[in-house]
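Pull up the model and keep it turning while you read. We'll hop from spot to spot and put a few residues in their places.

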Amino acid sequence: MTTMSEQIPTISLGGEVTIPQLGFGVFQVPPAETAQVVAQALSAGYRHIDTAAAYGNEAQVAEAIRASGLERDRVFVTTKCFNDDHGYEDAKAAMAASLARLGFDRVDLYLIHWPVPAHDRYADTWRAFVQMRSEGLARAIGVSNFQPTHLRRVIDETGVTPAINQIELHPYLQQPELRRLHAELGVVTEAWSPLAQGAALEDPTIVEIARAHERTPGQVVIRWHLQLGNVVIPKSVTPQRIRENIEVFDFELSEEQMRAIAGLDRGERTGPDPDTFVRP
Ligand code: NDP
């Protein structure tokens with residue numbers, strides 16, 4: 001019998017690095033609950049955890065991984081460099097601080113959390129990321145919330161293409177332009193707030209497709225992401241939902257159902273605008 005973790009496809013981030021296509025996000029999981037929630041996710045079969053310095057729960061993510069008894073290299077861990085830590089030296093210091101909190105000697109994926117164009121330091125930050133990857137501190141490096149101009153600029157200035165861009169993406173914000181550009185540039189698309197923080201789950205179209213498959217709306221939306229080729233990182237603190245969100249490898253949406261969900265796009269963000277966001 002294959003276990004749930006073995007059913008999760010992987011996507012190449014270049015070289016020998018692969019990322020499990022379905023991961024588990026811990027934004028807004030309070031630090032005091034994080035170790036327990038991540039333990040539940042690992043026991044359900046998730047092998048990819050998405051945290052960030054700004055979430056304040058890196059240490060508790062690592063604590064749960066250590067307590068699980070899983071080898072460190074069996075769990076893919078992403079963390080992120082936050083907005084006050086842009087610039088060559090500051091980004092290196094931020095990485096050192098994240099590694100210290102995690103108790104790791106390297107992360108699997110390190111992301112620039114936001115481009116913060118107002119500070120105009122993301123290209124220098126990216127230079128530090130390239131250096132940190134060559135030093136082995138991150139197996140892969142990428143960005144988050146980068147718009148086309150930000151992506152093109154770091155590639156033009158360094159010749160190094162981010163392996164992945166983690167962007168807000170769900171049925172109400174399908175990001176067709178960025179997804180096309182990613183495909184052209186060879187950047188993997190990773191979807192944050194993949195359920196629109198729950199808002200997409202009451203949509204009548206989603207509910208109807210869920211009924212047809214005898215599945216939940218959450219499973220339908222996650223399945224939609226997987227079939228589009230997105231890396232997807234739903235968050236939940238609810239044990240039943242944590243399990244439900246990974247049980248998505250034994251059914252398939254039809255082309256017609258994929259088209260019906262494509263029709264729900266209304267360009268609606270749940271989070272900040274990457275062109276203007278500086279800090280919360
Ligand atoms: P999600 O779209 O994953 O939605 C999470 C919400 O949906 C929670 O309220 C959760 O409730 C609920 N939920 C989860 N599963 C189900 C289900 N099966 N049925 C019904 N409700 C459900 O939003 P997030 O904003 O948390 O995004 C996911 C991850 O993306 C984050 O944790 C983080 O890792 C990443 N992210 C990255 C950002 C970036 O700037 N790079 C920004 C925002 C997020 P409950 O927990 O109560 O069960």
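Let's start with a pair of side chains: T79 and E58 are joined by a polar contact of 2.6 Å. Keep in mind as you look that this is a predicted model. T79 belongs to strand β5, which covers residues 76-81. Is T79 buried or exposed? It's buried, because its relative accessible area is 0% and the cut-off for buried is under 20%. So picture the contact with E58 as being made by a strand residue that counts as buried.

There's another side-chain pair to look at, this time involving a helix. Q257 is found in helix α11, and its side chain makes a polar contact with the side chain of H213, at 2.8 Å. Q257 is buried as well, with a relative accessible area of 15%.

Now for the ligand. Which residues come closest to the ligand? Of the 28 residues that surround the ligand, the closest are D50, S193, K235, S236 and T238. If you sort the shell by character, you get twelve nonpolar residues, eleven polar ones and five charged ones. And where does the ligand sit? The space it takes up is the largest pocket.

Zoom in on the individual atoms and you can pick out some short distances. An oxygen atom of the ligand lies 2.6 Å from an N or O atom in the side chain of S236. For the side chain of D50, an N or O atom is 2.7 Å from an oxygen atom of the ligand. With Q166 the ligand's partner atom is a nitrogen, 2.9 Å from an N or O atom in that side chain. How much of the ligand does the protein bury? On its own the ligand exposes 910 Å², and the protein buries 88% of that.

Next, a bit of backbone. Most residues other than glycine have a negative phi. Against that background, have a look at Q175, where phi is near 55°, a positive value in a non-glycine residue. Q175 is found in the loop between β8 (164-168) and α7 (176-185). Although it's a loop residue, Q175 counts as buried, at 12% relative accessibility.

Q197 tells a similar backbone story: its phi is near 55° too, again positive in a residue other than glycine. The loop here is the one between β9 (188-192) and α8 (204-213). Is Q197 buried or exposed? Q197 counts as exposed, because its relative accessibility is 54% and the cut-off for exposed is over 50%.

Let's finish by looking at how residues separated along the chain are placed in space. E244 lies in helix α10, which spans residues 239-244. Its C-alpha is 7.9 Å from that of G218, with the two positions 26 residues apart along the chain. E244 is buried, with a relative accessible area of 15%.

Past helix α11 (255-262) comes a segment that holds T270, and R279 lies in the segment after α11 as well. For R279, the C-alpha atom is 9.3 Å from the C-alpha of W114, and these two residues are 165 apart along the chain. What about T270? T270 and L99 are 171 residues apart in sequence, and their C-alpha atoms are 30 Å apart in space. R279 counts as partly exposed, at 44% relative accessibility, and T270 is partly exposed with a relative accessible area of 38%.

One last stop is helix α2, residues 31-44, where you'll find Q40. How far apart in space are Q40 and A183? From C-alpha to C-alpha they're 34 Å apart, with a sequence separation of 143 residues. Q40 is partly exposed, because its relative accessible area of 24% falls between the cut-offs of 20% for buried and 50% for exposed.

How values were computed:
Residues numbered from 1 in each chain as written. Predicted model: local features only at pLDDT ≥ 70, side-chain atom pairs only at ≥ 80, totals over all residues. Heavy atoms only, no water. Near = heavy atom within 4 Å. Polar contact = N/O pair within 3.5 Å; in protein donor to acceptor, adjacent residues only side chain to side chain. Areas by Shrake-Rupley, 256 points an atom, 1.4 Å probe, with all protein chains shown as cover. 1 Å grid on protein atoms, 1.4 Å probe; cavity = no way out; pocket = protein on both sides within 12 Å on 5 of 7 lines; lining within 4 Å. Sits in = over half its atoms within 2 Å of the grid points. Nonpolar A, V, L, I, M, F, W, Y, C, P; charged D, E, K, R; others polar. Helix = DSSP H or I, 4+ residues; strand = E, 2+ residues; numbered from the N terminus. Buried < 20%, exposed > 50% of the residue type's maximum accessible area, 1.4 Å probe, protein only.
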